[in-house]
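Subject: Handover of a structure for your study

Dear colleague,

Please find below the structure that I am passing on to you. My notes on it follow.

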Amino acid sequence: MPQRVVDLSLLIEDNMPAHKLFQRPVITTHLSHESSAALNLGVPGDAMTFQTNFIAMLDHVGTHVDAFLHVNPNGQPVDEMPLDLFMGKAVCFDLRHIPDLGDITVADMEAAEAQSGVKVDGHIVLLCTGFHARNYPGLDSVWKNPLLTAEATQWLHARGSRMHGVEGPSTDKPSDNIFAQHRLCRDLGMSHWEWLVNLEELLGKGEVQFFGAPLKFKGGSGSPVRAFAIVND
């Protein structure tokens, strides 16, 4: 059966939207091919020029994963979390009926599981609500994402799912400051990827292989990732 790689990562850009509590990134040219020519590298007739970029950003910008440390002062930083936690068998749920600022409930999860044809058993569960396609790159996208309810998170935990992924900047609704989903993940030893994109391409594909490994930041509270999935076509 032919396989295909689906890129699930948001393009990282200067001044891109970030979570309502976080600064946007700064990305600019440090040395360009034009400016580095003044260093006189290489040989006559074959100059060695190069470009380097300056990047200043939080570890929770763009497509990223939360470390256990992010919400738990005693939790593991991203460099100490098991690497195999960030990859494995996955399934994408079709939740495109959930509106902006809506609630993803247990009933929604059960219906989406049945529709997917995959019984969740330790799977990474990716939640496609169509949020990204509806809202990005509008700056108000940081104020509209749905909530994965505490009850739906318990539903995942009961099925052995330690990791899940959502579109948008958070698993919690930005219209309040309760953070019920993050607090429950803290207590249950679960975590998630945020601001995944292109999840529509995984719908109807059954079980897929997902990869979203972090950079090895010492003491990192999270990390940008290049998330992707391998699907059978």
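How much area does the protein chain expose, and what share of it do carbon and sulfur atoms supply? The protein chain exposes about 11,200 Å², and carbon and sulfur atoms supply 55% of that area. Accessible areas come from the Shrake-Rupley method with a 1.4 Å probe, and for residues only the protein chains shown count as cover.

Please note that this is a predicted model, in which local features need pLDDT of at least 70 and side-chain atom pairs count only at pLDDT 80 or more, while totals for chains, interfaces and linings use all residues. Residues are numbered from 1 along each chain as its sequence is written, and side-chain values use heavy atoms, leaving out hydrogens and water.

The whole chain

The protein chain contains 5 helices and 15 strands; these are DSSP runs numbered from the N terminus (helices: H or I, at least four residues; strands: E, at least two). Of its 233 residues, 46% are buried, where buried means under 20% relative accessible area, exposed over 50%, and partly exposed in between (1.4 Å probe, protein chains only). Along the principal axes, the C-alpha atoms fill a box of roughly 70 × 45 × 35 Å.

S223 and P214

S223 belongs to strand β14 (residues 222-224). S223 counts as buried because its relative accessibility is 0%. A polar atom of its side chain lies 2.8 Å from the backbone nitrogen of L215. Not counting residues up to four places away in sequence, S223 touches eight-listed partners including D59, H64 and P214; contact means heavy atoms within 4.5 Å.P214 is found in the loop between β13 (208-211) and β14, and P214 is also buried, at 16% relative accessibility. P214 and H64 are 150 residues apart in sequence, and their C-alpha atoms are 7.6 Å apart in space. With residues up to four places away in sequence left out, P214 touches V65, V78, F86, S223, P224 and V225.

N135

N135 is placed in helix α3 (residues 131-135). Is N135 buried or exposed? N135 is buried, because its relative accessible area is 8%. Its side chain is joined to that of K144 by a polar contact of 3.3 Å. A polar contact is a pair of N or O atoms within 3.5 Å; within protein, one must be able to donate a hydrogen and the other to accept it, and residues adjacent in sequence count only if both atoms are side-chain atoms. Leaving aside residues up to four places away in sequence, N135 touches D100, S141 and K144.

Yours sincerely,
A colleague
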